[in-house]
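User: I am new to this structure and should be grateful for a close look at a single part of it. Please describe one helix in detail, together with its surroundings.

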Amino acid sequence: MIDSTVLKNAVRKIIAGVVGLIVAVILLCALLITSFYLLVQASVQALTPLVGNTEAMAIVGGSCGLILVLFFWGLIAPRSSSKTKKTSGDRSGLSVDSVRAIIREHPMECAMTAFAMGVVQQTDPKLRSVLLQGGFELMKRPDLTGAPKTDPPA
């Protein structure tokens with residue numbers, strides 16, 4: 001059974017991590033909004049001597065609207081069929097090449113998964129030894145395809 005103090009410490013660390021993540025996201029959003037506001041104000045100030053105050057605000061507002069339309073259009077645009085065919089392939093037998101393709105397609109998710117596995121392996125010596133053995137086996141193979149090394153017939 002898990003000790004009560006270990007469980008309490010784990011819950012505290014999880015809560016601290018979630019709160020830290022929320023605070024970081026809030027601060028980054030505030031920084032982004034402030035910098036966008038200052039960029040718009042600087043654009044209006046730069047265009048005012050050339051075209052006048054009202055026209056400068058109209059130009060900057062129109063360009064911001066155009067940027068938003070392009071951004072959301074990119075979000076809702078359908079993806080190419082070649083990418084959907086590639087991702088809808090057979091995922092049951094994962095080779096090293098398919099894992100590399102998954103990592104290229106989803107780098108942030110893979111990094112978060114690797115971080116979680118790193119945290120887990122620090123507390124479990126059995127899992128650490130299994131991960132190290134698997135890593136060494138993969139490093140020994142020169143072609144990294146997962147197939148055992150065979151000598152060509154003489």
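Analyst: The following account begins with the whole chain and then turns to helix α2.

This is a predicted model, in which local features need pLDDT of at least 70, side-chain atom pairs count only at pLDDT 80 or more, and totals for chains, interfaces and linings use all residues. Residues are numbered from 1 along each chain as its sequence is written, and side-chain values use heavy atoms, with hydrogens and water left out.

The chain has six helices and zero strands; these are DSSP runs, H or I of at least four residues for helices and E of at least two for strands, numbered from the N terminus. Of its 154 residues, 3% count as buried, where buried means under 20% relative accessible area, exposed over 50%, and partly exposed in between (1.4 Å probe, protein chains only). The accessible surface of the chain comes to about 13200 Å², and 71% of that belongs to carbon and sulfur atoms; such areas come from the Shrake-Rupley method with a 1.4 Å probe, and for residues only the protein chains shown count as cover.

Helix α2 covers residues 53–76. At 1.5 Å a residue, its 24 residues should span 34 Å, which agrees with the 35 Å between its end C-alpha atoms; the expected span is 1.5 Å times one less than the number of residues.

The buried residues of α2 are Ala56, Val60 and Cys64. Their cover includes α1 (4–51). Together with Val40 and Val44, these residues make up the largest nonpolar core, which has five residues. Such a core is a set of buried Ala, Val, Leu, Ile, Met, Phe, Trp, Tyr and Cys residues joined through side-chain atoms within 4.5 Å. Its largest share, three residues, comes from α2. Leaving aside residues up to four places away in sequence, Val40 touches Val60 and Cys64, a contact being heavy atoms within 4.5 Å.

Thr54 also lies in α2, but this residue is exposed, with a relative accessible area of 63%. The C-alpha atoms of Thr54 and Val44 are separated by 9.2 Å, the two residues being 10 apart along the chain.

Leu75 is likewise in α2. A nonpolar patch on the surface includes Leu75 together with Leu66, Leu68, Leu70, Phe71, Phe72, Trp73 and Ile76, with about 920 Å² of accessible area together. Patches are made of residues with over 30% relative accessible area and no salt bridge (a side-chain nitrogen of Lys or Arg within 4 Å of a carboxyl oxygen of Asp or Glu); like charges are joined within 9 Å, and nonpolar side chains (Val, Leu, Ile, Met, Phe, Trp, Tyr) within 5 Å.
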